[in-house]
Amino acid sequence: KRKNVLPRFRPVSPKESAASAKCFLFAGDLSFWCKSFANSIIGNELSTIPFFMLNPSQVDVVILCGGLGTRLKGVVNDRPKPMAEINGLPFLDILIDYVANCGFTRFILCVGYKGDFIKKYYEDKENGLTFFVSQEDKPLGTAGAIKNAEPFIKSDIFLVLNGDSFCPININDFLTFHINK
């Protein structure tokens, strides 16, 4: 089990998580998506997803890291915003550790601005997790970045996070809620 690097955050209860869910399960800057979005979510056919999908290690995590970071450029101008250091660690490491503590192991990092910085940092990382980098040549926005990462996404259901935000919720309960919705 990984060390919890953010003990001062109060986790949000499953009831609070569920209360903030929308049609594709969105809680702040965290959401679950389905590859076959129209059929699986709008068509209400989630019951066809096998029970084994409740295992977080079989659910891909897509982290959006492609923003320009304009508001932080005065403070962090040598790296992309998700790599801003907090207590000697890149914020992205803190976010990934939190999600990995819930059992997720496969991460797709959608990068754009200064993406080589993130790619270089994670390409040789040996921590039992798998990383893929989906590079944007130009800013594509949220849906465009996810579409661009599609070749790397292997699970039907996948978790989408912003690389510059932290949502202290029980992600496993959120996944279970999504499957059962």
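This note walks through the fold, one central strand, one loop residue and the empty spaces of a predicted model.

1. Overall fold. The protein chain contains six helices and eight strands, and when the sequence is followed from its start these elements come in the order α-β-β-α-β-β-β-α-β-α-β-α-β-α. Of its 181 residues, 44% count as buried. Among the contacts that join residues at least 6 apart in sequence, 76% link residues at least 24 apart.

2. Strand β6 and its surroundings. A reader new to the model may wish to begin with β6, which spans residues 106–111. Six of the six residues of this strand are buried, so β6 is largely enclosed by the rest of the structure. The side chains divide between two directions, with Arg106, Ile108 and Cys110 pointing one way from the strand and Phe107, Leu109 and Val111 pointing the other way, and all of them are buried. It may be worth noting, when looking at the first of these groups, that Arg106 is buried along with Ile108 and Cys110.

3. Partners of β6. Which strands pair with β6? One is β3, residues 60–65, which runs parallel to β6 and is joined to it by five bridges; in this pairing Val62 stands opposite Ile108. Another is β7, residues 130–135, which also runs parallel to β6 and is joined to it by six bridges. Two places in this second pairing can be located by residue, since Phe107 of β6 stands opposite Phe131 in β7, while Leu109 has Val133 of β7 as its bridge partner.

4. The connection from β6 to β7. Helix α4, which covers residues 115–123, belongs with these two strands, and together β6, α4 and β7 make a β-α-β unit that is right-handed.

5. A residue after β7. Lys138 is found in the loop between β7 and α5. Is Lys138 buried or exposed? Its relative accessibility is 57%, and because exposed means over 50%, Lys138 counts as exposed. Computed along the chain in residues, Lys138 and Tyr113 are 25 apart, yet their C-alpha atoms lie 8.5 Å from each other in space.

6. The largest pocket. About 360 Å³ of space lies in the largest pocket. Its lining is made up of 20 residues, and those nearest the centre of the pocket are Gly66, Gly67, Leu68, Gly69 and Asp164. By residue type the lining holds eight nonpolar, eight polar and four charged residues. Strand β3 and helix α5, the latter spanning residues 141–149, each supply at least two residues of this lining, and the largest share, three residues, comes from α5. The strand β3 named here is the one that is joined to β6 by five bridges.

7. The enclosed space. The model has one cavity of 30 Å³ or more, and the largest cavity has a volume of about 40 Å³. The residues that line this cavity are Leu68, Gly69, Leu72, Lys73, Val76, Arg79, Pro80, Lys81 and Tyr113, and they divide into five nonpolar, one polar and three charged. Leu68 and Gly69 deserve a second look in this list, for both are also named among the residues nearest the centre of the largest pocket. Tyr113, which lines the cavity, is the residue whose C-alpha lies 8.5 Å from that of Lys138.

Note on methods
Residues numbered from 1 in each chain as written. Predicted model: local features only at pLDDT ≥ 70, side-chain atom pairs only at ≥ 80, totals over all residues. Heavy atoms only, no water. Buried < 20%, exposed > 50% of the residue type's maximum accessible area, 1.4 Å probe, protein only. Helix = DSSP H or I, 4+ residues; strand = E, 2+ residues; numbered from the N terminus. Pairing = 2+ DSSP bridges. Right-handed = clockwise from strand over helix to strand, strands pointing away. 1 Å grid on protein atoms, 1.4 Å probe; cavity = no way out; pocket = protein on both sides within 12 Å on 5 of 7 lines; lining within 4 Å. Points joined across faces, edges and corners; volume = space filled by probe spheres on them. Nonpolar A, V, L, I, M, F, W, Y, C, P; charged D, E, K, R; others polar. Contact = heavy atoms within 4.5 Å.
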